2 protein chains.
Amino acid sequence: MTAAYDWLAVDWGTTRVRVWAMAEGDGVLDTRDAAFGMAELAGADAFATAFASLADAWTPARRPAPVVVCGMAGAREGWHPAAYAPHDTNLGELPRATVRVPATGPDYDVRILPGLRQGTPPDVMRGEETKLLGLVAERPDITGIVVLPGTHTKWVRLERGRVAGFLTAMTGDVFAAVAEHTVLRHTLADGEPDAADFAAAVAEARAAPAALLRRAFGLRAEALLNGLAPDLARARLSGWLTGLEVMDALAQLEQPKRVTVVGDDAHVERYAAALAVFAVGAERRAVDDLTRAGLALAHRRLFEGNG
Amino acid sequence: MTAAYDWLAVDWGTTRVRVWAMAEGDGVLDTRDAAFGMAELAGADAFATAFASLADAWTPARRPAPVVVCGMAGAREGWHPAAYAPHDTNLGELPRATVRVPATGPDYDVRILPGLRQGTPPDVMRGEETKLLGLVAERPDITGIVVLPGTHTKWVRLERGRVAGFLTAMTGDVFAAVAEHTVLRHTLADGEPDAADFAAAVAEARAAPAALLRRAFGLRAEALLNGLAPDLARARLSGWLTGLEVMDALAQLEQPKRVTVVGDDAHVERYAAALAVFAVGAERRAVDDLTRAGLALAHRRLFEGNG
């Protein structure tokens with residue numbers, strides 16, 4: 001990258017950080033990412049050093065360079081705590097609750113967006129609010145159901161630009177634990193499941209959700225006795241867990257006809273396929289685009305006084 | 001122990017081995033156990049050495065001393081492979097399928113009982129068949145439903161001394177993986193759950209089995225926002241998983257009115273409480289007693305030519 005950047009957009013997740021060097025407005029000049037997650041970093045200095053190791057490669061248009069961050073960097077154990085905002089805050093107002101990281105030196109002016117908290121039932125999100133802000137940047141009065149698949153998948157009811165309520169299912173987290181730390185650890189392949197196998201398993205979960213723990217051991221027994229293929233075993237476990245999640249979430253959200261799915265390509269396709277089993281339509285949206293759009297909106301409000 | 005023993009009874013599980021020094025017949029002279037599981041031992045020599053480190057402490061009435069073993073010692077990666085018998089073998093005939101471990105030297109004559117395999121649906125057990133044999137030793141024509149809780153819980157339909165069919169739920173395995181390897185690892189206490197909290201969670205699972213993955217994350221959120229007690233969090237996760245298992249198993253087994261629960265005290269009480277939520281009665285049986293009774297029956301048939 002040769003051009004000087006105007007500002008930096010940062011998405012700091014539980015296991016990865018991604019930094020975009022931005023031109024004035026929304027244009028992307030360059031991007032870098034690294035496996036600096038919460039688990040690897042202890043304390044503000046570690047976050048600042050990890051961030052600089054990515055950002056120092058680029059030339060800013062001015063110093064201090066504006067930096068807008070969302071995600072786990074704002075957790076208590078993160079870079080600097082950014083307290084949760086009430087879940088029903090108008091998302092367009094979220095940048096007002098942004099926290100400035102103190103003592104980051106003369107090079108960077110770092111602002112972290114807050115997460116959202118819900119009292120009843122208790123729930124929290126951190127990072128997803130900025131992707132939702134990306135949707136609000138397009139349509140300030142947006143109303144509808146959004147799912148953001150991940151380690152802890154969020155299902156959100158948006159009403160006129162606010163989060164009316166949300167729920168979390170720890171599907172990805174449980175899948176990884178079962179795949180890596182149970183008797184199934186030698187039974188499952190890596191990689192993306194076949195779409196038809198996955199959809200069939202979602203339908204099985206719908207038909208008998210309580211069968212999960214029996215069906216899961218069945219993968220081991222079928223591998224042992226009949227040589228079940230490891231990629232089919234993975235597709236089934238993934239489909240059974242996702243089917244449970246989608247069945248429950250749709251019931252909680254009063255059976256919407258259509259859901260906006262925000263994720264990377266693999267997650268988006270998988271959740272669209274699972275929703276189709278329940279005859280629910282999916283609007284597919286790329287998560288990185290929305291993250292940048294949300295950070296760009298925050299950048300405009302924080303550093304340019306408009307938006 | 002001063003008296004010389006007549007024979008040794010051995011229960012070799014996935015994580016522990018237990019050896020009983022037996023008087024003539026069923027009387028126990030002494031017992032020892034150790035954490036020599038499948039994971040720690042590689043190859044027949046390692047099993048033989050581990051066994052001798054426990055058994056050599058005692059004095060046999062004669063050499064070679066008769067030794068009867070059940071469990072994972074008969075797995076392919078165990079002491080010596082004891083092939084699975086068909087699931088519907090008359091359990092009283094199982095000792096005929098026992099395998100003699102070759103080259104164990106002049107001190108021990110070691111016989112390993114086979115596990116059981118079921119073709120449709122595919123399933124296997126290894127160790128539990130000997131506890132069932134303990135029930136058959138009491139009542140050769142026993143008919144009824146038996147549950148053997150553990151890492152991989154077995155639900156068995158006995159018909160006149162045979163296993164008519166069985167299923168496995170990997171409830172304990174999944175509980176441990178979720179408790180130790182997900183975001184819940186700092187949220188759950190150790191120890192036995194409170195009985196009332198556990199039963200309430202079983203009832204919740206029954207009311208909405210698909211809610212598991214949402215409820216599980218709710219433990220984390222409630223701990224973060226409202227200081228949920230770690231022992232209550234553990235009771236709930238345990239109850240939700242066990243409730244799923246019991247709901248499914250009872251449906252598969254056509255809703256029995258009464259189930260024999262075979263386990264250690266903690267497992268027996270927990271499964272009896274879960275069954276009570278479904279209005280199913282429990283007959284409680286101590287697993288060690290039945291294991292020894294099954295091994296003693298095998299010992300009589302193998303070494304005394306009667307039974």
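**Exercise 1. Find the strands that pair with S7(A), and say how each one runs.**

Start with strand S4 (residues 65–71) of chain A: 5 bridges join S4(A) to S7(A), and the two run parallel. Here Ala65(A) sits opposite Tyr108(A) of S7(A). Next, strand S6 (residues 99–100) of chain A is joined to S7(A) by 2 bridges, and this pair runs antiparallel. Val99(A) stands opposite Ile112(A) in S7(A). Pairing takes at least two DSSP bridges between two strands; strands themselves are DSSP runs (E, at least two residues), helices are H or I runs of at least four, and both are numbered from the N terminus.

A quick note on the model: it's predicted, so local features need pLDDT of at least 70 and side-chain atom pairs pLDDT 80 or more, while totals for chains, interfaces and linings use all residues. Residues count from 1 along each chain as its sequence is written, chains are lettered from A in written order, and side-chain values use heavy atoms, without hydrogens and water.

**Exercise 2. Work out how S7(A) is covered and where its side chains point.**

Strand S7 (residues 108–112) of chain A has 5 of its 5 residues buried (under 20% relative accessible area, 1.4 Å probe, protein chains only). Tyr108(A), Val110(A) and Ile112(A) point one way, Asp109(A) and Arg111(A) the other.

**Exercise 3. Describe how H5(A) meets H6(B).**

The axes of H5 (residues 212–226) of chain A and H6 (residues 230–252) of chain B come within 7 Å and cross at roughly 80°. They're therefore roughly perpendicular (65 to 115 degrees). Leu212(A), Leu213(A) and Arg214(A) are the H5(A) side of the contact (heavy atoms within 4.5 Å).

Technical notes. Axes fitted to C-alpha atoms, helices over the stretch in contact; angles between N-to-C directions. Parallel < 35°, antiparallel > 145°, perpendicular 65-115°, else oblique. Buried < 20%, exposed > 50% of the residue type's maximum accessible area, 1.4 Å probe, protein only.
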